[in-house]
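Student: Could we go through this model together, one question at a time?
Tutor: Gladly; have a look at it first.

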Amino acid sequence: MQEYLHGIVIALKGVPITLAVSLVAVLIGLVVGLLVATAKRSRFRILRIIGTIYVDVLRGTPLLVQVLILAYGVPQIINSLFGVSFHWEIKIVIGFVACGINSSAYMAEIIRSGLQAIDVGQSEAARSLGLSSRQTMRYIIVPQAFRIIVPALGNEFITLIKETSILSMVGIVEVTRQGQLWASQSFLFFQAYIGVAIVYLAMTLTLSRLVNYIERRMARSDRS
């Protein structure tokens, strides 16, 4: 029993990195996803095409492959094209960028669905009051859409927490990597990975309950 508890303690050491990467990735995904969602709804065909290709490529390829391209492929290309010896000094940046970009493709679809859920009559009413298209989006459409997509944003954050385990492949010492390092030293593989699983389960269940609570609060607020 002591080995299992020790496995949990070891895995807990990686929680700050896991949560930091997930939080930063969600914020990056939210900002970039809003831009991509806006591009996909643009009246300019070229922007719609670019937005669609962006989403299709990122959603159609595994996050693991994207992480490996960023961690090992990008330095190789920079070295060969510019003759500069480039490597990632701070590996957690790989997690921020890779997970953030990957998340932005899913965020774009979440945001787009939220924007489409707003009645078109509200845009027409805002314009009749003299608001520009940008002001209408900023003050009328986006705030309402954000309330609609909050549960989906919470679920995306929970998904990212689990997907950060992929970062162990490039040496980022998050929860899974902590378990791997201890397992390779102690040869207690079952205990190590059970500890990792329990830590992930604790994080995701806690956040799931929090998302459900926020969703209920927002539903009560809308009824009142």
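Student: Over residues 188-211, how far apart are the end C-alpha atoms?
Tutor: A word on the source: this is a predicted model, where local features need pLDDT of at least 70, side-chain atom pairs count only at pLDDT 80 or more, and totals for chains, interfaces and linings use all residues. Residues are numbered from 1 along each chain as its sequence is written, and side-chain values use heavy atoms, with hydrogens and water left out. The stretch 188-211 is 96% helix and 0% strand (helices are DSSP runs of H or I with at least four residues, strands runs of E with at least two, numbered from the N terminus). Its end C-alpha atoms are separated by 35 Å.

Student: Which residues does the UniProt annotation "transmembrane region" cover?
Tutor: The annotation comes from an unreviewed UniProt entry; positions follow the numbering used here, feature names are shortened, and annotations may be inferred rather than shown by experiment. One of the annotated stretches, 15-37, is 100% helix in the model, with end C-alpha atoms 31 Å apart. The record's full list is 15-37, 57-78 and 188-211.

Student: Which helix gives the most to the lining of the largest pocket?
Tutor: On a 1 Å grid over the protein atoms alone, a pocket is an open set of points where a 1.4 Å probe fits, with protein on both sides within 12 Å along at least five of seven lines; lining residues have an atom within 4 Å of a point. The largest pocket has a volume of about 750 Å³, counted as the space filled by probe spheres set on points joined across faces, edges and corners. Its lining has 23 residues, with T38, R41, R127, S133 and M137 closest to the centre. Helices α2, α5, α6 and α7 each supply at least two of the lining residues, and the top contributor, with seven, is α7.

Student: How many charged residues are in the lining of the second largest pocket?
Tutor: This pocket holds about 270 Å³, and V150, L153, G154, F157 and I214 lie nearest its centre among 14 lining residues. For the classes, Ala, Val, Leu, Ile, Met, Phe, Trp, Tyr, Cys and Pro count as nonpolar, Asp, Glu, Lys and Arg as charged, and the others, Gly among them, as polar. In the largest pocket the lining divides into 11 nonpolar, six polar and six charged. In the second largest pocket there are 13 nonpolar and one polar, and the charged count is none.

Student: Why does the salt bridge between E109 and K40 tie together distant parts of the sequence, and how many residues apart are they?
Tutor: A salt bridge here is a side-chain nitrogen of Lys or Arg within 4 Å of a carboxyl oxygen of Asp or Glu. For E109 and K40 the closest N and O atoms are 2.8 Å apart. E109 belongs to α5 and K40 to α2, so the pair joins parts whose separation in sequence is 69 residues.

Student: Is R59 buried or partly exposed?
Tutor: R59 meets E109 in a salt bridge at 3.9 Å, N to O. Buried means under 20% relative accessible area, exposed over 50% and partly exposed in between, using a 1.4 Å probe and protein chains only. E109 is buried at 17%, whereas R59, at 42%, is partly exposed.

Student: Which residues are linked in a network of salt bridges?
Tutor: The whole structure has three salt bridges. One of them joins R112 to E109 at 2.7 Å between the closest N and O atoms, and both residues lie in α5, three residues apart. The linked network consists of K40, R59, E109 and R112.
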